[in-house]
Amino acid sequence: MVTTVATAPIAGQKPGTSGLRKKTRVFMGAHYLENFIQALFDTVGAAGKTFVLGGDGRYFNDRAAQVILRMAAANGAAKVIIGQGALLSTPAASHLIRLNQTDGGIIMSASHNPGGPDADFGVKFNMPNGGPAPEAVTEAIYARSAEISSYKILEAADVDLGRIGETRLGAMMVEVVDPVADYADLMQSLFDFDAIRALFASGFAMRMDSMCAITGPYAREILENRLGAAPGTVTHAEPLPDFGGMHPDPNPTWAHELMAEMMGENAPDFGAASDGDGDRNMVVGRGIYVSPSDSLAVLAANAHLAPGYAAGLKGVARSMPTSAAVDLVAKSLGLQAYETPTGWKFFGNLLDAGRVTICGEESFGTGSDHVREKDGLWAVLLWLNILALRRESVAEILSAHWAKFGRNYYSRHDFEAIDSAKADAMFASLREALPGLAGREVAGLKITTADDFGYEDPVDGSVSRQQGLRLLFEGGSRAVFRLSGTGTEGATLRLYVERYVAGPEGLDEDPQAALAPVIAAAHALGAIEHFTGRVTPDVVT
Ligand code: G6P
Ligand code: ZN
């Protein structure tokens, strides 16, 4: 029986960089999830449609799935394809949306944010192309959430999501699918599994830290079962509602167990970690951390070694704060390189239009046109494919890369949970100063350009302004100031610093030391301590 429940708008249901993310308890509050889902269905339409549904297994994932299923049925959806146990990694959801030519999908995740009753939850809508909804759609959902007065829900018992197969929920079909199989097949179609299997068989050792999040089952199936990596290669492989207390963000700070192992005496040849919903990745060689910007460049330069990319790339794209290392690769390959604002959704049009094949961001995201999300395991497998064919270590591959292209020293410094008013004041002050900065010298560095990054999408002409304050220095160094769009507490200031060294000298410095002058100039120009009281970053990538 369909019930119509009276409700009233709840303030703040505005999706950010990647869907609506709130404290779990907020999502569990009366009508909160229901209002948002109704606003979503009202906006995109549900009648007669087929959607994919799944999440990263965090706390409330299972309950939210049952609510969304009953609301989809009440709103007239024809079918929902859902991962067994309501699980799906974000890239796997994107793939299922495309594979089954559905009308979109709902992904339950707060990505790399911690999970649990006192942590974070999130809901995001992806379009029929498999990619995150563009701003026009999320804005419309938000607008609808501000005027909602009722929602529809079916009164029914829980669907058994543990059993693969089809069941009916009212008039709607629910198809419970293996969350891993189709995705694993897709990976097998892109990469040289024989070569990777031979690599593992030759004694190559790997550690994959799934951080008690969604990639555990995927990594076990692909790396251990299909590719023959030693059992136990994947650690923290069981997705847990609170991620076992881990903060599933694959960066040197949060993936410290992996970092310690990779920097230790008995380090395996290759290490990787992924985030809560499986779209991010960090890769590490024995004794050497690979910055995401370098990873993107190496992947672009070597992608032709994988069968799925043997014909070459159409073009590459990176977010503005990502280092220009991949641009240098593109130039040498004669490819177009695009620079977009932060947020995977900005790659969607370029991928759909066939302008780019590989994209990446400094925020540990890399992916290609095989889905419309960044894809953690995809990046890990492309690295493995490259390692399997080149038979060099990660360190050797990086050294050779820098020797050929020069090195873009790069780091991101995060200052978390800053009082929002203080962060806004800092940005207002720096933004106001921008027009007068060119030509000035600060901390020994001469500013050549200072601007607020804006982007005009070359495909649909849409314009996004105020995407980050850029300070470019003589010699190709730069500092970028941006406020995170994904935090849930106060403001997070991200300071991105980059310095290019052409080589052959100076390619093996410690990045923080190499970047010290740029960091000093950025602190001086942004008056970070003055406005925020902070000097030391909480996270350094
Ligand atoms: C999410 C998005 C990415 C983005 C990242 C950083 O992971 O999918 O595309 O780069 O957040 O966002 P933030 O606004 O926190 O820097
Ligand atoms: Zn994620």
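**Helix 6 and helix 8**

Select helix 6, residues 181-190, together with helix 8, residues 215-226, in this predicted model. Two packed helices are described by the angle between their axes and the distance between the axes. Here the angle is about 50 degrees and the axes are 10 Å apart. Helix 6 and helix 8 are therefore oblique to each other. Which hand does the crossing of helix 6 and helix 8 have? The crossing is right-handed.

Now show the side chains at the contact. From helix 6, pick Tyr183, Ala184, Met187 and Gln188; from helix 8, pick Tyr218, Glu221, Ile222 and Arg226, which they meet. Coloured by type, the residues of this contact divide into 5 nonpolar, 1 polar and 2 charged.

**Helix 2 and helix 3**

Go next to helix 2, residues 32-44, and helix 3, residues 61-74. Their axes are 10 Å apart, and the packing angle is about 40 degrees. That angle makes helix 2 oblique to helix 3. The crossing of helix 2 and helix 3 is right-handed. On the helix 2 side, the contact is made by Leu33, Glu34, Ile37, Gln38 and Phe41; on the helix 3 side, by Ala64, Val67, Ile68 and Met71. By type, the residues of the contact of helix 2 with helix 3 are 7 nonpolar, 1 polar and 1 charged.

Stay here and select Phe60, in the loop between strand 3 (50-55) and helix 3. Most residues other than glycine have a negative phi, and most peptide bonds are trans. Phi of Phe60 is near 85 degrees, a positive value in a residue other than glycine.

**The mixed sheet**

Strand 3 leads into a sheet. Show strands 2, 6, 5, 3, 4, 9 and 8: these 7 strands form an open sheet in that order, and the pairing is mixed. Strand 2 (20-23) and strand 8 (165-169) stand at the edges with a single partner strand each, so one side of each has no neighbour in the sheet. On average, and with direction ignored, neighbouring strands of this sheet are turned by 20 degrees against each other.

Strands of a sheet pair through backbone hydrogen bonds, either parallel or antiparallel. Look at three pairs in turn:

- Strand 3 and strand 5 (residues 105-108) pair in the parallel sense over 4 bridges. Select Gly54 and its bridge partner in strand 5, Ile107.
- Strand 4 (residues 79-87) and strand 9 (residues 172-177) run parallel and are joined by 5 bridges. Select Val80 and its bridge partner in strand 9, Val174.
- Strand 8 and strand 9 run antiparallel, also with 5 bridges between them. Select Glu166, which stands opposite Glu175 in strand 9.

How many residues lie between strand 8 and strand 9 in their hairpin? There are 2 residues between them, and Gly170 in the turn has a positive phi of about 60 degrees.

**The antiparallel sheet**

Move to the other sheet on this tour. Its 7 strands form an open sheet in the order 20-21-24-25-26-19-27, and the pairing is antiparallel. The edges are strand 20 (441-442) and strand 27 (539-540); each has a single partner strand, so one side of each is left without a neighbour in the sheet.

For a pair inside this sheet, select strand 24 (residues 469-473) and strand 25 (residues 478-483), which are antiparallel and joined by 4 bridges. The bridge partner of Leu471 in strand 25 is Ala479.

Add helix 16, residues 511-526. Which strands does helix 16 lie across? They are strand 19 (407-418), strand 20, strand 21 (445-452), strand 24, strand 25 and strand 26 (491-501). Helix 16 runs at about 130 degrees to strand 26.

The loop between strand 26 and helix 16 holds Pro504. Is the peptide bond from Gly503 to Pro504 cis or trans? The bond is cis, with omega near 5 degrees.

**Ligand 1**

Finish at ligand 1, and select the residues around it. There are 14 residues surrounding ligand 1, and the closest are Trp344, Ser363, Ser484, Gly485 and Thr486. The shell divides into 1 nonpolar, 11 polar and 2 charged residues.

Key. Residues are numbered from 1 along each chain as its sequence is written. Chains are lettered from A and ligands numbered from 1 in the order in which they are written. This is a predicted model: local features need pLDDT of at least 70, side-chain atom pairs count only at pLDDT 80 or more; totals for chains, interfaces and linings use all residues. Axes are lines fitted to C-alpha atoms, for helices over the stretch in contact, and angles run from 0 to 180 degrees between N-to-C directions. Angles under 35 degrees count as roughly parallel, over 145 as roughly antiparallel, 65 to 115 as roughly perpendicular and the rest as oblique. A crossing is left-handed if the near helix is turned anticlockwise from the far one by less than a right angle, and right-handed if clockwise. Two residues are in contact if their C-beta atoms, placed from the backbone, lie within 7 Å. Ala, Val, Leu, Ile, Met, Phe, Trp, Tyr, Cys and Pro count as nonpolar, Asp, Glu, Lys and Arg as charged, and the others, Gly among them, as polar. A residue is near a molecule or strand if its C-beta atom, placed from the backbone, lies within 6 Å of it. Two strands pair if DSSP finds at least two bridges between them.
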